[in-house]
Amino acid sequence: MRFRFKSADFTGKKSAQSAMEYLMTYGWAILVIAIVAALLFALGLFGQSSSNLPEGCMPQTGFICSNPSYTPNGIVLTVGQESGQYYYGDWVFVASTSEHLDSNGLPDNMSFVANMISIGALTPGQTATVNFMKTDAGGIPTANVLVGQPLTAYVWLGYCTVPGCGAPTSYTRIGTINTKFSGASAFTGSSSITTSTTSSSTTSTSTTSTSSTTTSTTTSTTSTISCSGPTDPYTGYTGGCNIVFDTGGTLSGNIITQGSITIDSSVTLTTDGYVLVSGAVFTNSGAINSGTDPGTGGAACQQCTASPGVSHPSSYGGSGGSGSQWWCSGSDNSGAGGNTLAQGGLMQTCNDPGAPGSTPAAPIMTALLVQTCYNNGMQSCLEGGGGGGSVAGTSPAGGADDAYGVFVEAVTLNAGTINTVGGSAGTYNGGAGGGGGSGTIMLVYNYAYTAGTYNSIGGQGGGNCSSFGGCIYTSNGIPVDGGNGGAGQTLVYQYSGSPPAST
């Protein structure tokens with residue numbers, strides 16, 4: 001018997017095995033490509049509408065960016081850094097992704113710098129919650145925004161790497177936010193910087209029967225720096241917070257901050273010789289009065305030589321007017337007006353009216369000049385001269401006090417109304433004192449300056465009239481009044497690099 005064996009057909013099995021091997025070989029690669037494509041789509045890199053993007057903030061490497069919200073009160077988000085580098089001054093600003101970038105990767109017009117938020121020094125691990133008010137200058141819509149309208153924007157950090165800077169020296173993009181406009185505010189507190197630090201303590205115990213045992217305990221402490229400014233800034237402030245003057249008052253210390261300084265509308269702030277230095281934006285919507293320096297007017301003298309007004313010989317303020325001299329007796333002289341870089345009114349003899357003060361020539365503004373004035377005491381360069389005292393046989397009057405100057409420095413400076421008016425001597429039945437000189441206004445800025453209304457007026461010399469005796473005149477018919485104080489001036493300087501008055 002013959003047996004015939006039919007050979008087996010393995011073709012189908014081999015094809016299935018080849019397909020399985022192909023999938024096993026390339027399947028993982030296909031899966032990875034799909035995941036990457038999904039991520040790129042989520043980031044909006046395929047040009048899809050931002051309304052389809054997930055809400056949040058995607059930080060750049062080494063930075064923290066989270067919890068963005070877009071409300072009628074602006075854009076609120078949390079920022080920070082984990083780069084290991086210490087930043088001595090930090091400012092946060094937001095610009096729409098639609099704003100054109102220049103060759104350095106920054107918004108073309110850099111208009112957002114005028115609206116940046118100062119958050120002080122930012123060390124590794126620190127975070128700050130900031131409220132960036134929406135502004136057309138920064139490319140963020142300001143009106144007619146509908147609930148649910150999407151916004152995609154870049155978050156920028158301006159910073160310094162050396163202490164004492166008053167403006168950013170470098171910029172970097174720290175994240176991209178994607179959010180939607182909501183009708184309710186999500187901002188309930190002040191901007192703050194929070195950091196957590198960990199410390200360890202070691203306890204060692206030993207006995208004759210056991211080996212040494214070491215126990216480590218870890219404690220966490222949190223410190224918060226409020227950046228809404230001190231409760232009472234009128235007493236002075238030095239730090240990195242935003243300062244707001246919302247009621248009228250008089251300074252008793254310098255205001256020097258890396259944050260912004262704001263004087264609300266209907267508020268009058270009297271600086272009284274102290275300075276206002278902002279490392280960000282200064283906005284005066286109210287008024288600044290310089291105040292007068294007590295005791296700078298010269299004393300009167302009855303039939304003798306009166307005292308001159310106090311001088312400030314290196315100041316660009318107006319000099320003081322001299323007092324009048326009435327009812328001569330021997331070598332009587334009225335007091336001269338206090339000098340600045342301009343001669344004060346000269347002392348007078350025998351029934352002479354007082355001589356007026358004057359205004360110095362304006363200097364060429366330089367960073368060195370500002371630094372010198374700041375280091376020597378700003379009023380040495382800004383204060384007016386005191387009015388001279390008068391001489392009379394009866395009822396002589398003293399000279400009026402001079403006005404302080406006003407100094408403001410900021411990255412962006414919106415000046416508003418500033419008044420530096422010398423003291424007036426008033427009307428007397430006897431010798432009349434000289435008027436006080438006006439202080440000078442010095443405004444220093446880096447990025448932008450909006451001029452305001454400035455009143456630098458010398459004080460009025462005293463009148464020499466009485467209700468029962470009439471007015472006293474010279475033989476030429478000139479009233480025997482005190483001399484008026486000299487006017488001050490306004491000096492404006494734009495600096496580059498480090499600010500002359502360091503914050």
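Helices (H or I, at least four residues) and strands (E, at least two) are DSSP runs, numbered here from the N terminus. With that convention in hand, a good place to begin is helix α2, which is followed by Gly-377, a residue with a positive phi near 100°. The model is a predicted one, in which local features need pLDDT of at least 70 and side-chain atom pairs count only at pLDDT 80 or more, while totals for chains, interfaces and linings use all residues. Residues are numbered from 1 along each chain as its sequence is written, and side-chain values use heavy atoms, with hydrogens and water left out.

Helix α2 spans residues 367–376, and Leu-369, Val-370 and Cys-373 within the helix are buried (under 20% relative accessible area, with exposed meaning over 50% and partly exposed in between, for a 1.4 Å probe and protein chains only). These three residues cover an arc of only 100° around the axis, so they sit on the same side of α2; the arc is that of the directions from the helix axis to the C-beta atoms. Leu-368 and Asn-375, on the other side of α2, are exposed. The cover over the buried residues of α2 includes α3 (379–382), β22, β24 and β28, where contact means heavy atoms within 4.5 Å.

Three of the elements named as cover are strands that also meet one another. Two strands pair if DSSP finds at least two bridges between them. Strand β22 (residues 406–414) pairs with strand β24 (residues 441–450) in the parallel sense over eight bridges, and Glu-409 stands opposite Val-444 in β24. β24 is also joined to strand β28 (residues 490–494) by five bridges, again in parallel. Here Leu-443 stands opposite Val-492 in β28.

For the wider setting, the protein holds three helices and 28 strands. Of its 503 residues, 46% are buried. Among contacts between residues at least 6 apart in sequence, 67% join residues at least 24 apart. The exposed surface of the protein is about 23,200 Å², and carbon and sulfur atoms supply 54% of it; accessible areas come from the Shrake-Rupley method with a 1.4 Å probe, and for residues only the protein chains shown count as cover.

An open sheet of five strands follows the order β13-β16-β19-β23-β25, with parallel pairing. β13 (249–250) and β25 (453–457) stand at the edges with a single partner strand each, so one side of each is left without a neighbour in the sheet. Within this sheet, β19 (residues 287–289) and β23 (residues 417–421) run parallel and are joined by three bridges, with Ala-287 standing opposite Thr-417 in β23. Gly-452 lies in the loop between β24 and β25 and is partly exposed, with a relative accessible area of 30%. Not counting residues up to four places away in sequence, Gly-452 touches Ala-415 and Gly-416. Its C-alpha atom is separated by 9.9 Å from that of Ser-285, 167 residues away along the chain.

Two loops flanking β16 carry backbone features worth a look. Most residues other than glycine have a negative phi. Ser-266, in the loop between β15 (261–263) and β16 (268–270), has a positive phi near 65° and is exposed at 79% relative accessibility. Asp-272 lies in the loop between β16 and β17 (276–278); its phi is also positive, at about 50°, and the residue is partly exposed at 28% relative accessibility.

Aromatic side chains offer a further view of the interior. Four aromatic pairs are present, defined by rings of Phe, Tyr and Trp (its six-membered ring) whose centres lie within 6.5 Å, with planes under 30 degrees apart counted as stacked, over 60 as edge-to-face and the rest as tilted. Tyr-154 and Trp-156 make an edge-to-face pair, 6.3 Å centre to centre with 85° between the planes. Tyr-154 is buried at a relative accessible area of 18%, and Trp-156 is buried at 3%. Tyr-234 and Phe-245 form another edge-to-face pair, at 5.1 Å centre to centre and 65° between the planes. Tyr-234 lies in the loop between β10 (213–226) and β11 (237–239), and Phe-245 in strand β12 (residues 243–245), 11 residues apart. Both Tyr-234 and Phe-245 are buried. Returning to Tyr-154, Arg-173 lies over the face of its ring, at 3.9 Å from the ring centre; a charge sits over a ring if NZ of Lys or CZ of Arg is within 6 Å of the ring centre and within 35 degrees of the ring normal.
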